[in-house]
Amino acid sequence: MMGLFNQATQKAHRPRGSSDDKGSPEADATDSDDVSVLDEEEGSIIKSMISQLRVGMDLSKVTFPTFVLEPRSMLERITDFMSHPDLVFGAEQEDNPEERFIRVLQYYLAGWHIKPKGVKKPYNPVLGEFFRCRYDYPDGSQGFYIAEQVSHHPPVSAFYYVTPANKVAIVGELRPKSKFLGNSVSTQMDGENRVYLMGRPDDGPYVISMPNMYARGILWGKMVLELGDTCTARNDRNGYTAEIQFKTKGYFSGTYNAIQGRIRAGGQETGEVTGKWSEVMEYQSKKKRVLFDVQKDGDKVAPKWVAPEDEQEPNESRRCVAHTRTCSH
């Protein structure tokens, strides 16, 4: 693994930017970037593909047309959660365990606003495919990320991020399971992020699960991407837990992209998280504070440095994608 990190450091030359079926909710109240409208030819292709599906069918072996795929692998998409590292750097210096817990939660919630325009899914990585990159931070410190597809059927992506100078390590795995629901496709995002504040080894891991994803309106209406259901965060050593509900919009009420959750310490409620993951999220305890403001800070994404595709290994993600998935998905 360290050999891969060393190669990434040597070869990096340039930054690269970065439930039940509810049918199709109206999309007018959400950001236009969250909505896809297919042309006639694209719609025909989708309807032809869908005609072969059954409600509840596992979609892991279904090949999607390129216009519904974003031009990167799931292994790279996971790096979205490393886009705002300043939110967790230095968290080990906080003496209050609640503050350390909130700082980790900030890092996690801030990653969801980064997404492709419209309703897109990343390419399915193949067994043995990997993605690696390096981050150079303004203070001269560095971060390193590597992810590998360790199982293809069922799909399992394992990832590791470390920034030694900032004393943060993140280890995790993602096991997505997609199902056809009729006018929607759901993706159950099994797996965990385990965040380690290396300057606070006694804290142990901060363990965070993921919400599920829903692509609505694939048969009629506008296609809309939603996050839904509940994710949990916990730090067992200090007794802190959070249940964050990602709310989906109803037919006649509600709003898009809303979240709401409660923070507890040893069973005692200490505060509440509210807002929208696409706009502003806040934490209300003894006083209210902003966890993340997308309009203000969303563009401050830590750039990734990746080796040019012609210098990558044959099974590196960007090379696979660039060669029109020579590593067939």
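Zero disulfides occur in this structure, which is a predicted model. Two cysteines are worth a look all the same. Cys133 is buried, and Cys231 is buried too. Each counts as buried because its relative accessible area, 0% for Cys133 and 1% for Cys231, falls under the 20% cut-off.

Lys296 sits in helix H5, which covers residues 294–297. Is Lys296 buried or exposed? Lys296 is exposed, because its relative accessibility of 63% is over the 50% cut-off. Lys296 and Val280 are 16 residues apart along the chain, and 9.2 Å separates their C-alpha atoms.

Here are the three accessibility values side by side.

| Residue | Relative accessible area | Class |
|---|---|---|
| Cys133 | 0% | buried |
| Cys231 | 1% | buried |
| Lys296 | 63% | exposed |

Now turn to helix H4. H4 runs over residues 97–109 and has 13 residues. How far apart are its end C-alpha atoms? They lie 19 Å apart. At 1.5 Å a residue, the expected span is 18 Å, so the two values agree.

H4 is mostly covered, with twelve of its 13 residues buried. The buried residues include charged-letter names such as Glu98, Glu99, Arg100 and Arg103. Among the others are Phe101, Ile102, Val104 and Leu105. Tyr107, Tyr108 and Leu109, towards the end of the listed run, are buried as well.

What happens at the start of H4? There, a side-chain oxygen of Asn96 comes to within 2.9 Å of the backbone nitrogen of Glu98. Glu98 is also one of the buried residues of H4.

Key
Residues are numbered from 1 along each chain as its sequence is written. This is a predicted model: local features need pLDDT of at least 70, side-chain atom pairs count only at pLDDT 80 or more; totals for chains, interfaces and linings use all residues. Side-chain values use heavy atoms; hydrogens and water are left out. A disulfide is a pair of cysteine sulfur atoms within 2.5 Å. Buried means under 20% relative accessible area, exposed over 50%, partly exposed in between (1.4 Å probe, protein chains only). Helices (H or I, at least four residues) and strands (E, at least two) are DSSP runs, numbered from the N terminus. The expected span of a helix is 1.5 Å times one less than its number of residues. A polar contact is a pair of N or O atoms within 3.5 Å; within protein, one must be able to donate a hydrogen and the other to accept it, and residues adjacent in sequence count only if both atoms are side-chain atoms.
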